[in-house]
Amino acid sequence: MITQAEYRQRREQLMANMKQGTAIFRSSPMAVMHNDVEYNFRQDSDFFYLTGFNEPNAVAVLAPHHEEHRYILFVQPKDPEKETWSGYITGVEKAKELYGADEVYPINELDEKLPQYLQKAERIYYRLGRDEKFNETILKHWQRLLRVYPKHGTGPIAIEDVCTILHPMRLIKSEAELALMRKATEISVKAHNHALEFAQPGRYEYEIQAEISC
């Protein structure tokens with residue numbers, strides 16, 4: 001199990017290498033098939049590596065230069081009606097308690113709150129990726145800050161791929177990570193050996209998949 005202390009250590013290590021930058025990470029979106037059926041959710045690996053937060057529609061911000069808030073989360077607010085259909089949502093208050101953020105905001109306040117964590121940054125660390133709508137959000141804020149840079153003399157003058165710093169960190173596994181990898185391997189071996197025993201002429205692939213999943 002990865003503890004919150006280890007997630008915090010990862011964030012601190014990344015921020016130590018960012019200096020005056022602000023890093024922004026977007027959670028994976030929900031993927032939908034057939035218009036109304038959701039695929040099983042899988043969190044963005046970089047986002048999860050730094051937060052341990054396993055919900056969609058969230059953003060993590062690391063701002064080591066900010067006087068009060070170095071680690072900020074934007075998450076979905078509690079919504080009992082939505083949770084009836086889509087499952088439990090941690091919410092703003094509980095996210096702050098459980099995930100060690102200095103501040104947590106509802107995700108719909110991102111545009112309002114994000115600029116304060118960018119104004120004193122020398123660069124934005126963000127990976128322009130598959131979420132085109134969120135890419136546009138980041139570029140919009142950056143362009144606004146560039147326009148007022150001559151007046152204030154501060155603000156990000158570049159966007160840099162955060163993975164140049166983060167991915168070398170992820171290559172070196174902690175003891176907790178190694179233990180989880182060994183456990184996952186053990187489970188996978190047992191499942192595949194069971195599938196070999198279960199597979200018989202005339203059985204369909206979906207039957208074997210169901211047996212492995214159980």
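Which residues does M18 touch, not counting residues up to four places away in sequence?

**View 1. Contacts of M18 in the predicted model.** Leaving aside residues up to four places away in sequence, M18 touches A23, L62, P64, Y125 and I165. M18 also belongs to the largest nonpolar core, where it is among the residues that touch the most other members.

**View 2. The largest nonpolar core and the elements that build it.** This core holds 26 residues, of which L14, M18, F25, L62, L73 and V75 touch the most other members. Two or more residues come from each of helix 1 (4-18), strand 1 (21-26), helix 2 (45-51), strand 4 (59-62), strand 5 (71-75), helix 4 (92-99) and helix 7 (163-171). The most is given by helix 7, which supplies four residues. Another core, of 18 residues, lies apart from this one, and its members include V61, L114, Y126 and W142.

**View 3. A nonpolar patch on the surface, formed by L146, Y149 and I157.** Together these three residues have about 250 Å² of accessible area. L146 is placed in helix 6, which spans residues 132-152. Because its relative accessible area is 31%, L146 counts as partly exposed, and this value passes the cut-off of over 30% that is asked of patch residues.

**View 4. The span that UniProt annotates as a domain, residues 2-135.** An unreviewed UniProt entry gives this span the feature "domain: Aminopeptidase P N-terminal". In the predicted model, the end C-alpha atoms of residues 2-135 lie 30 Å apart, and the span is 34% helix and 19% strand.

Terms used:
Residues numbered from 1 in each chain as written. Predicted model: local features only at pLDDT ≥ 70, side-chain atom pairs only at ≥ 80, totals over all residues. Heavy atoms only, no water. Patch = residues over 30% accessible without salt bridge, like charges linked within 9 Å, V, L, I, M, F, W, Y side chains within 5 Å. Areas by Shrake-Rupley, 256 points an atom, 1.4 Å probe, with all protein chains shown as cover. Salt bridge = Lys/Arg side-chain N within 4 Å of Asp/Glu carboxyl O. Buried < 20%, exposed > 50% of the residue type's maximum accessible area, 1.4 Å probe, protein only. Core = buried A, V, L, I, M, F, W, Y, C linked by side-chain atoms within 4.5 Å. Contact = heavy atoms within 4.5 Å. UniProt positions renumbered as here; feature names shortened; annotations may be inferred.
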